[in-house]
Amino acid sequence: AGFKSGDVDKIIDIFVKTEGFSKIYLSLLLRNIVRHITPEFSFSSPVTIRDYSFKHLSTQCIKGEHHIFAGFGCADESLTVIANHFAKENFTVVDEDTYDAVCEFINCINGLFATRLSEDGIEIDMLPPLFYNSGKLTASKDIILLPLKIKGQCVDFILAIDADVNID
């Protein structure tokens, strides 16, 4: 029923076996992909990782009572698919403008998540978005990687909650 109706929450319940903040965040992410990028995308079940190598990575952190790291990464130029739809532009390579668009999309999701947490009395602050080229992310504990396929492009969403994340 969730697939036919496009009910993201029902789909999340079936495929995303996380709880708490992770489930809330991933629900917001998927709803905003539908709203701002395209309803025509797919995702694989999230996996837990401790390290992630990337060619391009757009991120934003939230600090406060909880530390949240959120970002989109890829091994090629696939971040352009998010930037193109969000900014309504035609990016062909990942450059500063592409990163700005992807980071603004992350900022929108984080803003909604921050609002949701503040309704529960949880104080947090959003930090400026950052982007990185050709590196490796390492985490102090398991974090979530959600593989996405958007318009034929493979993009990974990385979510770390209350984990130390380093990027080299």
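**Exercise 1.** How many residues does the largest nonpolar core have, and which of them have the most contacts inside it?

*Solution.* Keep in mind from the start that this is a predicted model. The largest nonpolar core has 40 residues, and those with the most contacts inside it are Phe72, Ile82, Leu148, Phe157 and Leu159. As a next step, ask which elements give two or more residues to this core: they are helices H3 (20–37), H4 (79–87) and H5 (96–119), together with strands E3 (68–74), E5 (130–150) and E6 (153–161). Of these, H5 gives the most, with nine residues. Apart from this core lies another, of 14 residues, including Ile49 and Leu145.

**Exercise 2.** Determine whether H4 is mostly covered or not, and find what covers its buried residues.

*Solution.* Begin by counting: seven of the nine residues of H4 are buried, so that the helix is mostly covered. The buried residues are Leu79, Thr80, Val81, Ile82, Ala83, Asn84 and Phe86. Then look at the surroundings, where the covering elements include H3, strand E2 (47–64), E3, H5, E5 and E6.

**Exercise 3.** Describe how H4 and H5 pack against each other.

*Solution.* Take the geometry to begin with: the axes are 8 Å apart and the angle is about 70°. Angles of 65 to 115 degrees count as roughly perpendicular, and H4 and H5 are therefore roughly perpendicular to each other. Then list the contact, to which H4 gives Leu79, Thr80, Ile82, Ala83, Phe86 and Ala87, while H5 gives Thr98, Tyr99, Ala101, Val102, Glu104, Phe105 and Cys108. Finally, sort these residues by type, which yields 10 nonpolar, two polar and one charged.

Definitions and conventions
Residues are numbered from 1 along each chain as its sequence is written. This is a predicted model: local features need pLDDT of at least 70, side-chain atom pairs count only at pLDDT 80 or more; totals for chains, interfaces and linings use all residues. Side-chain values use heavy atoms; hydrogens and water are left out. A nonpolar core is a set of buried Ala, Val, Leu, Ile, Met, Phe, Trp, Tyr and Cys residues joined through side-chain atoms within 4.5 Å. Buried means under 20% relative accessible area, exposed over 50%, partly exposed in between (1.4 Å probe, protein chains only). Helices (H or I, at least four residues) and strands (E, at least two) are DSSP runs, numbered from the N terminus. Contact means heavy atoms within 4.5 Å. Axes are lines fitted to C-alpha atoms, for helices over the stretch in contact, and angles run from 0 to 180 degrees between N-to-C directions. Angles under 35 degrees count as roughly parallel, over 145 as roughly antiparallel, 65 to 115 as roughly perpendicular and the rest as oblique. Ala, Val, Leu, Ile, Met, Phe, Trp, Tyr, Cys and Pro count as nonpolar, Asp, Glu, Lys and Arg as charged, and the others, Gly among them, as polar.
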